[in-house]
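Open the model in your viewer and keep the selection panel at hand. Each stop below says what to select and what is there.

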Number of protein chains: 2
Amino acid sequence: MISNAVQKTARSRKPRGPRPAGGRSTRERILDAAEKLFARKGFHAVSVRTITKAAGVDVALVNYHFGTKQALLDNVLLRRAKLLNDERMERLRAAIRLAAPESPTLEAIIDAFTHPLLDRSDRGGAGWKAYFALIAQVNNSSEMGGAMMTRYFDPVVQAFIAALRPALPGCDERDLYWSYHFLSGALTLTFAETGRIDNLSGGLCRSSDLESVHERMVPYVAAGFRALCDRRDRASVPPATLRRRAAQHK
Amino acid sequence: MISNAVQKTARSRKPRGPRPAGGRSTRERILDAAEKLFARKGFHAVSVRTITKAAGVDVALVNYHFGTKQALLDNVLLRRAKLLNDERMERLRAAIRLAAPESPTLEAIIDAFTHPLLDRSDRGGAGWKAYFALIAQVNNSSEMGGAMMTRYFDPVVQAFIAALRPALPGCDERDLYWSYHFLSGALTLTFAETGRIDNLSGGLCRSSDLESVHERMVPYVAAGFRALCDRRDRASVPPATLRRRAAQHK
DNA sequence: GTCTATATGGAGATAGAC
DNA sequence: GTCTATCTCCATATAGAC
């Protein structure tokens, strides 16, 4: 009995002190594990115990490094948002520089906005893949989608929309925002990589084939923007809607 | 002490037996409460205790009527999917009848697909609103998006895509599926009504303004489909991609 | 069909030793 | 900065009385 207990203690004893400098820090290990598990199962479906076990660290360290589980999520989202926003702003500026003094094409602007995301999800490794799958869930969450996406991505999106205005002269502001909204939905559903399109197409298309997505998303979205901004006749709008709108605007 | 206990028991005693025929059944009360709470907070964030309390019924009745919490979710999703699928198939058939012997226009097909959803979310009451917000989360869930959307909506989506083929003659099958994917993302993000576009636009657009969405979604999506299916030159595709694709297809 | 009562396990968070 | 140990509360699910 005693020797068993001693063995067990000896086996379960782990080295104290900070981890070797070669590996990731505890903080990063927790962030990595949380990112992966939140993305796979959803924030509420994962416990901090599961996260710390996957990270190979003690449960209490989430409290020490982040305070609460919610703060851990915030830090997961923030970590890569910074890198992403910097790269996208740089790409947008480059596109503007390249086209100056004209406006860049619609396609060039959309590419600057979407390519950094699809490219990192595709080739940035498992961490980036998980991050974007998590973004898909957050964006579509009634509970926190509005606040969190605004918090982490607003400056970039505002810059993107500002760049679109000269590319779509005369476009109604509301058409611009709604067009962006459709882009956002199409993009984030792509990140989720649910396998839905694989089922639907009998294997002809694959959720994970992000190169196919990017190649198609730019012309699809650009055509959508143009269709909304260029429409002059409202032939496809039902008469009832026209009457209602006329009444609202008096 | 004794009189207190008796009072408490007397106050907490509820009428036995089935509820009056005028109101909703217990089963429906649970489904309604679950639908609303799942939509607002997410499946894993809501306990069956919270659901049954909101429904005004006993905790154990979830087990009696549905078995498990997961089965409760399945029943929530299934309940309205049936109604929805029937209406959408009927609308699609009507559009085809109306245009015969020609194919309906792209716009007419997309309208048959999206209008029943946006209209019910807009004017169907709180239950429908919650249902669609839940669909937005499920569709974007890495965990269950692929399986569940396939399970509840595949026949309608397959019929929709079949109707699109003659409206887009010569369109590559993959372009068709990816175009549908973009539509799905744009549509379900709309259902989430996160308030994101309200923030972004400074109040100019409102997430809840589904009439504005529908009016714009049809031309936006139609233009996207056409842009993908019509593209002959691949000028916007980087040379590296063309080389890779050529190599894959040998 | 509905209720009481409970089995069984896990959750988030933290105090305090090291 | 990390670990042990524990507090407090809540989760899903079900057995059995009515």
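Colour the two domains of chain A separately. This is a predicted model. The C-alpha centres of domain 1 of chain A and domain 2 of chain A are 31 Å apart. For the selection, the domain assignment gives 19-66 as domain 1 and 78-249 as domain 2. Now show the contact between them: domain 1 of chain A contributes seven residues, and domain 2 of chain A contributes seven residues. On the domain 1 side of that contact, three residues are nonpolar, one is polar and three are charged.

Next, select T26(A). This residue sits in helix 2 (residues 26-41) of chain A. Is T26(A) exposed, partly exposed or buried? T26(A) counts as partly exposed, because it has 19 C-beta neighbours inside 10 Å, and buried begins at 20. Draw a distance from T26(A) to N140(A). Their C-alpha atoms are separated by 30 Å, and the two residues are 114 apart along the chain.

Stay with T26(A) and bring up DNA strand D. T26(A) is among the closest residues to that strand, along with D58(A), A60(A), S47(B) and N63(B). Select the full surround and you get 20 residues. Which helices each supply at least two residues of this surface? They are helix 4 (60-66) of chain A, and helix 3 (48-55) and helix 4 (60-66) of chain B. Colour the surface near DNA strand D by class: nine residues are nonpolar, five polar and six charged.

Now show both protein chains. A turn of 180° with a shift of 0.0 Å along the axis lays chain B on chain A, with an RMSD of 0.0 Å. That is why the relation is that of a two-fold axis. The same surface serves both copies, and 100% of the contact residues of chain B recur in chain A.

Select the contact between the chains. Chain B gives 64 residues and chain A gives 64 residues. On the chain B side, the elements giving two or more residues include helix 2 (26-41), helix 8 (145-167) and helix 11 (210-230) of chain B. By class, the chain B side holds 26 nonpolar, 24 polar and 14 charged residues.

Last stop: the largest nonpolar core, which has 138 residues. Which residues touch the most other members? Select I109(A) and I109(B). Leaving aside residues up to four places away in sequence, I109(A) touches A95(A), P104(A), F160(A), A163(A), L164(A) and A167(A).

Technical notes: Residues are numbered from 1 along each chain as its sequence is written. Chains are lettered from A and ligands numbered from 1 in the order in which they are written. This is a predicted model: local features need pLDDT of at least 70, side-chain atom pairs count only at pLDDT 80 or more; totals for chains, interfaces and linings use all residues. Copies are superposed by least squares on the C-alpha atoms of residues with pLDDT of at least 70 in both. Two residues are in contact if their C-beta atoms, placed from the backbone, lie within 7 Å. A nonpolar core is a set of buried Ala, Val, Leu, Ile, Met, Phe, Trp, Tyr and Cys residues joined through C-beta atoms within 7 Å. A residue is buried if 20 or more other C-beta atoms lie within 10 Å of its own, exposed if 12 or fewer, and partly exposed in between; C-beta atoms are placed from the backbone. Domain bounds come from an automatic or database domain assignment. Ala, Val, Leu, Ile, Met, Phe, Trp, Tyr, Cys and Pro count as nonpolar, Asp, Glu, Lys and Arg as charged, and the others, Gly among them, as polar. A residue is near a molecule or strand if its C-beta atom, placed from the backbone, lies within 6 Å of it. Helices (H or I, at least four residues) and strands (E, at least two) are DSSP runs, numbered from the N terminus.
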